[in-house]
Amino acid sequence: MWVKPLQIQISGFWSTDRANPYFILQRRRGHDERRSGLATLLVATIDTVLDNKISRYRILYKRPDAEIYFLIAETDKKEDVEEHWKWIEVNMMPTLEGIDVADDISDFVQWKIKSLCTEAAYEDIGDIETEKFKNATKKFHKVFNMSMDEKLVIYYSCSFWRGRVPRQGYLYLSVNYLCFYSGLLGKEITIVIKFTDIISLERVHNIVSETIRICTRLHKYHFGMFRKLEETFQIMEQIANFAAKKLLSQKGAFQEEDHFPAVT
């Protein structure tokens, strides 16, 4: 499972299974059936005697400019760590290859992992009766200065693409608005879009990954790095196609295409 980034020291108790310029997948030596020897036996003995509750697998992030390591995931199941590693390769590596500044890389990785941890804790986010969702609703109303009558449907961790460096934050979908907020390192980004102002909504590939592109008459917005991009896109479509029909109904109109461009 993802864990909030924790700086650690590298020790000989772990063996490396996979590595790339930014991440390392390791296996605890005392529980590595493929290896034998004094070091492996020693680790297994220490863990048994001390009853150490240490996971068998872990993933580390390594700063590209220094020998500094952060624990970002740990689990006892091989299939889980491989799933996390695959997610990193597909969703994070292409993005990191487009960032040149080491501090920006480190900030982005740590912020993204923290948001994944938060999102994992909110698996039941669709249940409006939960305290977590109530807190998210309060933040939505406060940050975007929304009326208390505006109902939050769901929200997701994602990145807003501004140039080549993504800005990590949260996308909020309400009945009438699509909003984004990022407060990384004191640099705030606040976006508020009415669903009725959207003229196109589509999945596209930018330089490094797949994103959701939202176009109004004046602006284009790209959002990516979703854990569940397909689900997010479908919900956006449903709400957008719902915020146009509703407005037409209120105006007594019968032909949607006569008044609003189709959302595609």
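## Aromatic pairs

Count up the aromatic pairs in this predicted model and you get 13. One of them joins F180 and F223, whose ring centres sit 5.5 Å apart with 50° between the planes, which makes the pair tilted. The two rings come from distant parts of the chain: F180 belongs to strand β8, F223 to strand β12 (residues 220–224), and 43 residues separate them. As for solvent, F180 has 0% relative accessibility and so counts as buried. F223 is buried too, with a relative accessible area of 0%.

There is also an aromatic cluster to look at, made up of F140, F144, Y155, Y170 and Y172. F140 is a handy link to the next topic, being one of the buried residues of helix α4.

## Helix α4

Helix α4 covers residues 131–143, 13 residues in total. From first C-alpha to last it reaches 18 Å, close to the 18 Å expected at 1.5 Å a residue. Its buried residues are F133, A136, T137, F140 and H141. Why do they line one face of the helix? Looking down the axis of α4, they fall within an arc of 135°, so they share one face. The general background is simple: an α-helix has 3.6 residues a turn, so residues three or four places apart point the same way.

What covers that buried set? Among the elements in contact with it are β6 (152–162), β7 (165–174) and β8 (177–182). Strand β8 is also where F180 of the tilted pair sits. Flip to the face of α4 turned away from the buried side and you'll find the exposed residues E131, K138 and K142. After the helix comes N145, with a positive phi near 55°.

## Around Y61

Y61 lies in strand β4 (residues 57–62). Is Y61 buried or exposed? Its relative accessibility is 0%, so it counts as buried.

Leaving aside residues up to four places away in sequence, Y61 touches Y22, F23, I68, Y69, F70, I72, I105, S106 and V109. Another spot to check is P21: it is 40 residues from Y61 along the chain, yet their C-alpha atoms are separated by 9.2 Å.

## The chain overall

Zooming out, the protein chain has six helices and twelve strands. Of its 264 residues, 46% are buried. The chain exposes about 14400 Å², and carbon and sulfur atoms supply 51% of that area.

Notes
Residues are numbered from 1 along each chain as its sequence is written. This is a predicted model: local features need pLDDT of at least 70, side-chain atom pairs count only at pLDDT 80 or more; totals for chains, interfaces and linings use all residues. Side-chain values use heavy atoms; hydrogens and water are left out. Helices (H or I, at least four residues) and strands (E, at least two) are DSSP runs, numbered from the N terminus. Buried means under 20% relative accessible area, exposed over 50%, partly exposed in between (1.4 Å probe, protein chains only). Accessible areas come from the Shrake-Rupley method with a 1.4 Å probe; for residues, only the protein chains shown count as cover. The expected span of a helix is 1.5 Å times one less than its number of residues. The arc is that of the directions from the helix axis to the C-beta atoms. Contact means heavy atoms within 4.5 Å. Rings of Phe, Tyr and Trp (its six-membered ring) pair if their centres lie within 6.5 Å; planes under 30 degrees apart count as stacked, over 60 as edge-to-face and the rest as tilted.
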